[in-house]
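Biologist: I should like to learn how to read a protein model with a bound ligand. May we go through it feature by feature?

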Amino acid sequence: MSLACKSCGSMLTEPRIIQAVPSDFLELKRFLGSFTGAGFEKHELAHMFLLRDSHNGQKIVGAAELFPCSDGSFYLCRVKVARHLRRQGIGQYLFEYAIGHAQKLGARDVYVVTRFRETAPAVRIVRKLGAIEISQAILQKNVPRHMVDRYSSLQNRFWRFPL
Ligand SMILES: CC(C)(COP(=O)(O)OP(=O)(O)OC[C@H]1O[C@@H](n2cnc3c(N)ncnc32)[C@H](O)[C@@H]1OP(=O)(O)O)[C@@H](O)C(=O)NCCC(=O)NCCS
């Protein structure tokens, strides 16, 4: 896989997803920004995966969190790709990586929240990867409430990947 920056054309070859470490916290918080990173806390680093740009000072250009829930399922959240590298498959790559990782850990399900719009990139990705739409109540039963209470069913959709 190889990716081109839309502004300068530089190539990112063979993007490698790595586990976040404590020293990534501030850069990661800045990268996630106010929406994707709302309420992001240090203890979540243990569940975060990163993608760094090997041609551009190793800056973070992609991230995803796979948060373990008490019933053996996972909540996949904080998936973000740097704007200049979007629409080249990195978002889908992060979803596939996280779901594959959850599967290796023996998970039963992976839950996801997206925006409501059918054309939202995350909606297109989860549909492509076979997610099933679920009610907010089912999500709230399985995922810690403090992580999902800020979402509303008017603006968001709720999904489950059966593994
Ligand atoms: C969602 C996000 C991670 C997708 O990243 P990405 O690298 O652009 O995604 P991909 O290139 O893998 O795109 C996968 C599919 O999404 C759709 N898509 C991506 N960007 C799109 C856009 N701007 N408009 C419409 N569809 C889009 C396409 O169907 C695409 O597949 P295709 O190119 O084969 O048609 C990225 O848009 C992002 O960081 N958004 C902000 C944070 C966010 O909303 N996160 C989702 C939380 S669950």
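Modeller: We shall take the overall fold, then a helix, then a hairpin, and lastly the surroundings of the ligand. Please keep in mind that this is a predicted model.

Biologist: How many helices and strands does the protein chain have, and in what order do the elements run?

Modeller: The chain has five helices and nine strands. Read from the N terminus, the order is β-β-β-α-β-β-β-α-β-α-β-α-α-β. The radius of gyration is 15 Å, close to the 15 Å of the globule rule for 163 residues, so the chain is as compact as a globular protein of that length. Along the principal axes, the C-alpha atoms occupy a box of roughly 45 × 35 × 30 Å. Of the 163 residues, 29% are buried. Among contacts with a separation of 6 or more, 62% join residues 24 or more positions apart.

Biologist: What span should α2 have, and which of its residues are buried?

Modeller: The general idea comes first. An α-helix has 3.6 residues a turn, so residues three or four places apart point the same way. In this model, the 15 residues of α2 should span 21 Å at 1.5 Å a residue, and the end C-alpha atoms are indeed 21 Å apart. The buried residues of α2 are Ile90, Gly91, Leu94, Phe95, Ala98, Ile99 and Ala102. Just after α2, Gly106 has a positive phi of about 85°.

Biologist: How should one read the pairing of the strands, and which residue of β4 is the bridge partner of Ile17?

Modeller: In a regular strand the side chains alternate between the two faces of the sheet. Here, β3 (residues 17-19) and β4 (residues 48-53) run antiparallel and are joined by three bridges. The partner of Ile17 in β4 is Leu51. β4 also pairs with β5 (residues 59-68), again in the antiparallel sense, over six bridges. Phe49 faces Ala64 of β5 across this pairing. Five residues lie between the strands of the β4 and β5 hairpin, where Gly57 takes a positive phi near 60°.

Biologist: How many residues surround the ligand, and which are the closest?

Modeller: The ligand is surrounded by 18 residues, of which the closest are Arg86, Gly91, Gln92, Pro121 and Arg124. Elements giving two or more residues to this shell are β6 (74-81), α2 (90-104), β7 (109-115) and α3 (121-128). The largest share, four residues, comes from α3. By type, the shell holds seven nonpolar, seven polar and four charged residues. Gly91 thus appears in two lists: it is buried in α2, and it is among the residues closest to the ligand.

Terms used. Residues numbered from 1 in each chain as written. Predicted model: local features only at pLDDT ≥ 70, side-chain atom pairs only at ≥ 80, totals over all residues. Near = placed C-beta within 6 Å. Nonpolar A, V, L, I, M, F, W, Y, C, P; charged D, E, K, R; others polar. Expected span 1.5 Å × (residues − 1). Buried ≥ 20, exposed ≤ 12 C-beta atoms within 10 Å, placed from the backbone. Rg over C-alpha atoms; globule rule 2.2 N^0.38 Å. Contact = placed C-beta atoms within 7 Å. Pairing = 2+ DSSP bridges.
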